[in-house]
Amino acid sequence: MSSTVMRCLVCARVRHWYPGRMFAGGRILLEGRRPMSQKKGSHPLLIAAAALAGLGGLGGALGWARYVEPRRLDVSYWEVPLGGLPIGQELSLLHLTDLHVRRLALSPKQILTALGPRALACRLVCLTGDFCDRPGEVEDVRRVLTPLLHAMAMQDERPVTALAVWGNHDVRTGVDQLEPVLSSLGVRVLDNTAVPVGPIWVAGVGDLGTKGARLEKAVAAVPPGEPFLLLSHNPAIFARAAAVGVPLTLAGHTHGGQVRIPGLSAAWGRRIPYRSGWYRSGNRALYVNRGLGMTWAPVRLGAPPEAAVFRLVH
């Protein structure tokens with residue numbers, strides 16, 4: 001592959017617009033546990049198959065997985081009717097997860113360019129954990145988040161609310177080192193509690209994998225009858241969340257499998273039945289974001305990085 005072509009591919013990004021409505025709090029247009037389909041011809045597994053077939057077999061696929069796909073930020077947009085929202089009120093939020101700053105192939109400038117004005121105009125940003133992997137990386141978290149939060153603040157006169165929950169890598173890193181950095185940036189960590197944001201409440205739980213999640217405590221912090229959603233790093237909490245009446249859960253952790261070769265199992269998140277996209281249980285919904293960074297190896301194949309924008313409406 002020529003250096004010119006490689007440079008073009010590395011700079012490329014994918015933006016999807018999903019015109020269908022995803023219903024939470026009464027009507028969910030999903031079947032079983034299968035994610036909703038993406039635009040025809042743009043599914044990550046199709047791109048992975050093309051990389052394997054058209055870029056020189058294994059060598060081309062490795063090059064794609066190392067240098068191209070980790071930089072193809074996929075921005076998805078969803079309109080979600082949330083039960084309990086008053087008529088005429090709505091809220092747009094930006095969901096980011098799994099920065100893993102040591103293995104984040106995207107620069108802050110590339111992230112801002114891919115997000116664009118529409119995503120940056122969201123007045124709520126939800127960060128669902130795994131900011132970094134080692135204690136020495138906490139200042140890199142500041143380096144990545146500062147331009148994002150500044151750009152969001154400059155996009156609109158209304159204040160930006162930034163909320164976060166811990167992931168398993170954060171707990172191993174030491175939340176006592178991470179929390180001061182996030183707090184200095186105006187990011188509030190929801191550790192098994194809930195706060196009001198405009199017309200809704202946002203609840204957040206600690207990391208399920210490290211036994212920090214107290215779901216009932218977080219949900220109990222929401223006043224009865226108020227519309228709300230849940231932030232959780234680990235999507236495996238979904239069955240419990242649906243059972244206690246959480247209408248919408250946003251999660252990460254799986255990286256969408258990170259390496260998904262057509263016909264083979266994903267390399268990451270195999271033990272979790274919720275890999276990426278939408279899932280349902282009765283009239284409750286879960287969205288699993290593929291995240292921005294990488295873990296265990298600096299590669300992505302069939303699971304490009306993602307940022308998700310949700311417009312919550314009546």
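Three exercises with worked solutions follow, on a helix, a hairpin and the cysteines of a predicted model.

Residues are numbered from 1 along each chain as its sequence is written. In this predicted model, local features need pLDDT of at least 70, side-chain atom pairs count only at pLDDT 80 or more, and totals for chains, interfaces and linings use all residues, while side-chain values use heavy atoms, without hydrogens and water.

**Exercise 1.** Compare the end-to-end distance of helix 4 with the expected span, and locate the kink.

Solution. Helices (H or I, at least four residues) and strands (E, at least two) are DSSP runs, numbered from the N terminus. Helix 4 covers residues 108–120, 13 residues. The expected span is 1.5 Å times one less than the number of residues, and a straight helix would reach 18 Å. The end C-alpha atoms of helix 4 are only 13 Å apart. A kink of about 55° lies at Ala-114, shortly before Pro-117; the bend is the angle between axes fitted to the seven residues ending there and the seven starting there.

**Exercise 2.** Describe the pairing of strand 11 with strand 12.

Solution. Two strands pair if DSSP finds at least two bridges between them. Strand 11 (residues 277–281) and strand 12 (residues 284–288) have five, in the antiparallel sense. Ser-281 stands opposite Arg-284. Two residues lie between the strands, and Gly-282 takes a positive phi near 60°.

**Exercise 3.** Count the disulfides and examine Cys-126.

Solution. A disulfide is a pair of cysteine sulfur atoms within 2.5 Å. The count is zero. For Cys-126, the closest cysteine sulfur is in Cys-122, 9.5 Å away, so the distance is too far for a bond. Cys-126 is also buried (under 20% relative accessible area; exposed is over 50%, partly exposed in between; 1.4 Å probe, protein chains only), at 0%.
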